[in-house]
Amino acid sequence: MSTESISDRHEHVRSIGVTAFAAFLGIGAAIASSMLTGDLGPAEAAGDQRALLVVVGAILVQFPLIKLAGIYNDDEFGVKHYLFITFMTFSLWFITWGILLTSEFTG
């Protein structure tokens, strides 16, 4: 087995880990947003700023956790990675929270 194939496998496992972490935190932020705005109707909950703060917090907490876990070194973690994590977390939060709002889930 060559060194290149081991490196490719490591990159693949690392990208799956980062994607899964962002997805789980996005879904968790949606559930937290739904529980936080459970006393409001769907239209009022959709305009509540507290729910947006939950997803911003979920996005911001990932960056130090990923660096702490040693998934990326300081020189490997660039703008592309920040944008990817932000997009994945926000997208999963938006879709999941939209489903929860339309089903009127209150947690």
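**Exercise 1. Work out how Ile 95 should be classed by accessibility, and which surface feature it belongs to.**

Solution. Start with the number: Ile 95 has a relative accessibility of 52%. The cut-off for exposed is over 50%, so Ile 95 counts as exposed. Keep in mind that we're working with a predicted model here.

Next, place the residue: Ile 95 sits in helix α4. Then look at what else is around on the surface. Ile 95 is one of the residues making a nonpolar patch of about 660 Å², along with Leu 52, Val 56, Leu 60, Phe 90, Phe 94 and Ile 99. Two helices, α3 and α4, each put in at least two residues, and α4 has the largest share, with four.

**Exercise 2. Describe the overall layout of the chain and say how far the prediction can be trusted along it.**

Solution. First, count the elements: there are four helices and zero strands. Reading from the N terminus, that gives α-α-α-α.

Second, check the confidence. The mean pLDDT for the chain is 84, and 89% of the residues reach at least 70. Helix α4 (residues 79–102) comes out highest, with a mean of 91. At the other end is helix α2 (residues 42–46), where the mean drops to 79.

Third, look at burial and contacts. The chain has 107 residues, and 29% of them count as buried. Take the contacts between residues at least 6 apart in sequence: 70% of these link residues at least 24 apart. As for the surface, about 6800 Å² is accessible, and carbon and sulfur atoms account for 69% of that.

**Exercise 3. Find the residues at the heart of the largest nonpolar core and trace which helices build it.**

Solution. Begin with the general idea: in soluble globular proteins, nonpolar side chains tend to be buried together.

Now for this chain. The largest nonpolar core has 16 residues, and the ones touching the most other members are Ile 66, Phe 77, Ile 85, Trp 93 and Trp 97. Helices α1 (3–36), α3 (49–69) and α4 are the elements giving two or more residues to this core. The top contributor is α3, with six.

Then zoom in on Trp 93. Setting aside residues up to four places away in sequence, Trp 93 touches Gly 26, Ala 29, Ala 30, Ser 33, Ala 51, Leu 52, Val 55 and Gly 98. Notice Leu 52 in that list; Leu 52 also helps make the nonpolar surface patch.

**Exercise 4. Locate Leu 25 relative to Trp 93, and decide whether Leu 25 is buried, partly exposed or exposed.**

Solution. Leu 25 belongs to helix α1. In sequence, Leu 25 and Trp 93 are 68 residues apart, yet their C-alpha atoms are 8.1 Å apart in space.

For the class, use the relative accessibility of 25%: Leu 25 is partly exposed. Beyond its neighbours within four places in sequence, Leu 25 contacts Ala 58, Val 61, Gln 62 and Thr 89.

**Exercise 5. Identify the salt bridge and compare the accessibility classes of its two partners.**

Solution. Side chains of opposite charge can pair when their charged atoms come close. The structure has one salt bridge. Its partners are Arg 50 and Asp 48, with an N to O distance of 2.7 Å.

Finally, check each partner. Arg 50, at 37% relative accessibility, is partly exposed. Asp 48 comes in at 15%, so Asp 48 counts as buried.

Definitions and conventions. Residues numbered from 1 in each chain as written. Predicted model: local features only at pLDDT ≥ 70, side-chain atom pairs only at ≥ 80, totals over all residues. Heavy atoms only, no water. pLDDT = per-residue confidence, 0-100. Core = buried A, V, L, I, M, F, W, Y, C linked by side-chain atoms within 4.5 Å. Buried < 20%, exposed > 50% of the residue type's maximum accessible area, 1.4 Å probe, protein only. Contact = heavy atoms within 4.5 Å. Patch = residues over 30% accessible without salt bridge, like charges linked within 9 Å, V, L, I, M, F, W, Y side chains within 5 Å. Areas by Shrake-Rupley, 256 points an atom, 1.4 Å probe, with all protein chains shown as cover. Salt bridge = Lys/Arg side-chain N within 4 Å of Asp/Glu carboxyl O.
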